[in-house]
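Me: I would like to learn how to read a structure feature by feature, with the general idea stated before the particular case. Could you take me through one?

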Amino acid sequence: MRNIFFILLIAISSLTIVNSQNLKSPSEFLGYNIGEQFSRHHQVIDYFEHVAHEMHKNVILEKYGETNERRSLNLAYISSEENLRNLETIRENNLKQTGILEGTSESSDIAIVWLSYNVHGNEASSSEASMLTVFKLLTEYKNLLDNTVVIIDPCINPDGRDRYVNWYNETASKPYDLDSQASEHNEPWPGGRANHYLFDLNRDWVWATQVETQNRLKVYNKWLPHIHVDFHEQGMNEPYYFAPAAKPYHEIITDWQTDFQTQIGKNHAKYFDAEGWLFFTRERFDLFYPSYGDTYPTYMGAIGMTYEQGGHGRAGLGVLNDEGHVLTLVERLTHHTTTGISTVEIASKNAKQLNVEFKKFFDNSKLKYKSYVLKGENDKIESLKSLLNKHEIDFEYASGTKASGYQYSKGKQGSMSLTSEDLVVHTNQPKGKMVKVLFEPNATLTDSLTYDITAWSLPYAYGLDAIASKTKVASQSISSDQRQSKISNAYGYVSKWNSLKDAQFLSSLLKNNFRVRFTERSFTSNGNKFKRGSLIITKGDNKHIDNFLDALRYLTEKHNQLLTPIYTGFSQTTPDIGSPDIKLINKQKVAVLSGEGTSSLSYGEIWNFFENQLNYPLTSINTANLGTTNLAKYNVIIMPNGYYGDVLNEDNSKKIEDWVRSGGKIIAIDGALRSFAGKEGFGLKLKATNTMESSDNLIPYAERERLYTNSMITGAIFNVKLDNTHPMAYGYDKEYFTLKLGSSSYNLLDRGYNIGHIKDTKVYSGFAGKNAIEKLSNSLVFGEERKGRGSFIYMVDNPLFRSFWENGKLFLVNSLFFVNNNVFEL
Ligand SMILES: [Zn+2]
């Protein structure tokens with residue numbers, strides 16, 4: 001098989017009349033036949049630089065950012081000489097079609113096609129394909145460039161790609177081993193899929209928590225292409241997958257977007273049929289969750305698609321798959337090159353219609369809800385605004401006094417009185433369809449079998465109450481909010497505690513050696529009432545800080561905090577500032593488990609949270625070293641989601657329990673709870689599985705997946721009752737909305753504290769099967785179980801999931817600094 005492909009490639013290359021004498025094919029440039037080796041990221045970029053240099057009239061290479069590991073992020077713009085000269089005019093005209101740029105658009109017959117490669121680092125054939133694709137576009141398919149602008153991102157995830165490629169290069173045998181059991185086909189933890197912080201960049205388009213996404217969105221939103229392709233790989237036994245996508249489709253997707261996917265698929269099929277290659281369409285990869293490389297572009301007006309080649313991190317340069325086929329890198333990249341070129345071809349053939357339909361997409365006059373109004377803590381509004389800014393979605397502030405419509409906190413019709421600090425997001429803006437997708441209380445799901453979570457509604461994620469209004473809510477562009485902190489000489493200063501920004505402020509104070517207290521009871525001083533969790537910084541506690549007032553002022557301004565001065569330790573209502581209920585916050589030495597047994601994604605979320613959000617030191621301990629680690633050096637150990645069966649052997653289990661008894665705190669997230677549930681001496685217990693009704697078993701074999709959905713929760717939003725007198729829930733009201741990711745549920749603790757639990761099993765948003773819902777009634781969400789001097793803290797739902805559930809993050813910070821705040825000297 002391998003040789004046939006080479007002959008094919010060489011034959012095609014030699015027939016080509018190359019425009020520039022100096023343009024080299026990827027094979028000539030790299031010094032090996034493409035697909036015979038994995039190219040490291042810099043080699044891929046070197047090739048694109050070569051192409052841009054030799055073909056400068058047809059190619060512009062742009063650097064749009066850098067990864068965490070300082071690798072370059074690049075885009076190549078490829079088109080005819082004339083189009084490339086007018087590139088800026090083409091771009092502006094395209095944005096005029098959307099209404100984002102003011103001015104009348106000229107009717108255009110130039111299609112804009114954006115091809116994104118290697119978002120998953122170990123799906124490594126696609127960056128190889130990107131090189132062959134650009135070469136072919138500039139040689140044998142050059143005529144397609146007359147009416148297309150092709151934008152190629154050769155590698156969305158360079159850190160992940162090189163993690164995979166470097167590992168493969170150092171591991172593989174020569175010649176490569178076809179045996180799928182060989183180590184070169186089995187990546188070690190954490191694998192090459194994710195980026196540096198182990199985030200899946202194909203789940204991050206909307207949340208934009210990662211630097212790769214943040215940089216890409218800036219350019220993407222300047223262009224808004226008509227077609228976007230995200231190249232992937234799936235298991236090595238799977239044939240090729242391309243459009244049309246599987247159901248469910250989000251209802252916002254237009255008939256044109258649906259129909260054109262079929263046209264694209266049929267064009268690809270023509271080439272695959274001619275070669276006798278297997279492929280499938282309309283199954284498995286759906287268009288619903290908005291944070292993918294296919295859905296995000298779709299909701300921004302493009303035909304957004306995922307193409308999947310069989311291969312993935314297990315295929316290496318060649319592997320014998322379960323069907324007895326020797327799958328090679330050459331074959332994989334050849335398929336991706338074929339679909340890439342075919343996509344540009346069909347775009348070129350339909351360039352005019354693509355523009356007409358693209359323009360129509362941005363008419364948002366028919367959307368059901370005209371405005372979303374959001375109310376809540378200033379910090380939470382600010383953090384939502386920063387998300388909207390990343391997508392260049394416009395917002396204003398309420399100018400009226402009342403809004404009525406669907407009220408999120410109640411899950412039904414209601415109304416809300418308004419102030420000029422409340423945020424208003426209208427849908428009659430160019431990105432109105434994305435607004436609908438992100439804010440909608442409950443997106444219509446045409447089919448419950450989906451690939452990902454089914455709920456993400458922003459008001460719940462950001463802890464804001466909201467109204468979705470069918471009439472346009474009056475708004476103005478300027479908020480009246482003016483925050484100013486005055487720090488003059490006083491006995492002490494109090495900071496509120498209810499947002500991640502407050503937590504960042506605390507982290508900064510502690511790192512600068514401030515001594516900070518928090519209150520376990522609300523109190524009143526100088527006429528101001530302070531809630532539980534409020535931070536208190538007294539002058540007397542901080543005599544060791546040089547220029548205390550200046551230093552405090554500096555940090556307060558840096559974190560945009562509002563401090564309230566108090567002038568005496570004698571409170572109007574107790575506790576006084578010196579009360580035992582106002583406790584000193586101990587600097588916590590925090591460790592997290594990583595490596596085999598832990599979920600790399602969950603570990604990455606914690607790592608990213610500490611380094612990029614809380615900005616607080618974190619020590620990572622590999623589970624392989626747990627047995628020899630001196631745990632006494634840490635106050636808190638976080639166990640990410642994972643399967644700890646092999647990690648928590650008898651010795652390690654005893655070690656952890658002893659450490660907790662002597663005053664340590666374990667924070668166990670999601671799957672990590674299973675390590676303790678049902679164990680002797682623990683109050684944590686999994687809820688019993690419902691016994692299946694015998695009539696359920698009459699469901700035909702062909703419907704078996706559907707039967708399974710009864711027990712499934714695919715990311716759904718539930719109301720949680722909180723005990724906000726417990727330190728883990730300081731800063732929260734008595735209710736909270738949680739994103740439940742799976743159907744595991746636990747009984748309420750019969751000893752310990754049930755800080756958050758589900759009482760009412762109403763699904764506020766998303767899909768949950770009926771059996772799974774039944775089990776949720778009276779189930780634990782957040783709990784604390786004490787042992788000796790220490791605690792086990794349970795988080796059934798992971799508040800750091802993909803780092804987008806903003807309103808859950810404070811539970812983790814509370815657990816670190818407030819829960820069981822014993823003095824634990826190192
Ligand atoms: Zn993938």
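What follows is a dialogue about the metal site, some helices, some strands and a few single residues.

Reply: Please keep in mind throughout that this is a predicted model.

Me: Let us begin with the metal, then: which residues coordinate the zinc ion, and at what distances?

Reply: One starts from the donor atoms, and here the zinc ion is coordinated by ND1 of His 120, by OE atoms of Glu 123, which is listed twice, and by ND1 of His 232, at 2.0 to 2.4 Å. Along the sequence these donor residues follow the spacing H-x2-E-x108-H.

Me: Why is the arrangement of the four donor atoms called irregular?

Reply: The angles decide it: four donors count as tetrahedral if all angles lie between 85 and 135 degrees, whereas the angles subtended around this zinc ion run from 57 to 158°, which makes the arrangement irregular.

Me: Are His 120 and Glu 123 buried or exposed?

Reply: The cut-off for buried is under 20% relative accessible area, so His 120, at 2% relative accessibility, counts as buried, and Glu 123, with a relative accessible area of 2%, is buried as well.

Me: Which residues does Asn 202 touch, leaving aside those up to four places away in sequence?

Reply: Asn 202 touches two of the zinc donors, His 120 and His 232, and its other contacts are Val 119, Asp 230, Ser 291, Tyr 292 and Gly 293. Asn 202 sits in the loop between helix H7 (158–171) and helix H8 (211–223), is buried with a relative accessible area of 6%, and has a polar side-chain atom 2.8 Å from the backbone nitrogen of Gly 293.

Me: How should I read a helix, and what is the case for H6?

Reply: An α-helix has 3.6 residues a turn, so residues three or four places apart point the same way. Helix H6, residues 125–138, has 14 residues and reaches 20 Å from its first C-alpha to its last, close to the 20 Å expected at 1.5 Å a residue. H6 is mostly covered, with 14 of its 14 residues buried.

Me: How many residues of helix H14 are buried, and against which elements do they pack?

Reply: In helix H14, residues 432–439, eight of its eight residues are buried, and these include Lys 433 and Lys 436 alongside Val 435, Val 437 and Leu 438. The buried residues of H14 pack against H10, helix H12 (351–361), strand E13 (371–375), helix H13 (378–390), strand E17 (423–426) and helix H15 (458–461).

Me: Now for strands: which way do the residues of E24 point?

Reply: In a regular strand the side chains alternate between the two faces of the sheet. In strand E24, residues 535–538, Leu 535 and Ile 537 point one way while Ile 536 and Thr 538 point the other way, and all are buried. Strand E29, residues 636–639, is likewise covered on both faces, with Val 636 and Ile 638 buried on one side and Ile 637 and Met 639 buried on the other.

Me: In which sense do these strands pair with E20 and with E27?

Reply: Strands of a sheet pair through backbone hydrogen bonds, either parallel or antiparallel. Strand E20 (residues 492–495) runs antiparallel to E24 and is joined to it by four bridges, with Gly 492 having Thr 538 as its bridge partner; strand E21 (residues 517–519) also pairs with E24 in the antiparallel sense, over two bridges, and there Phe 518 is partnered by Leu 535. Strand E27 (residues 590–594), by contrast, runs parallel to E29 and is joined to it by three bridges, Val 592 standing opposite Ile 638, while E29 and strand E30 (residues 665–669) pair in the parallel sense over four bridges.

Me: What is the order of strands in the open sheet of seven strands, and which strands stand at its edges?

Reply: The order is E16-E15-E18-E13-E17-E14-E19, with antiparallel pairing. Strand E16 (412–417) and strand E19 (475–476) stand at the edges, each with a single partner strand, so one side of each is left without a neighbour in the sheet. Six bridges join strand E15 (residues 402–407) to E16, and Gln 407 stands opposite Lys 412.

Terms used: Residues numbered from 1 in each chain as written. Predicted model: local features only at pLDDT ≥ 70, side-chain atom pairs only at ≥ 80, totals over all residues. Heavy atoms only, no water. Donors = N, O, S within 2.8 Å, 3.2 Å for Na, K, Ca; no water. Tetrahedral: all angles 85-135°; square planar, octahedral: opposite > 155°, others 65-115°. Buried < 20%, exposed > 50% of the residue type's maximum accessible area, 1.4 Å probe, protein only. Expected span 1.5 Å × (residues − 1). Pairing = 2+ DSSP bridges. Polar contact = N/O pair within 3.5 Å; in protein donor to acceptor, adjacent residues only side chain to side chain. Contact = heavy atoms within 4.5 Å.
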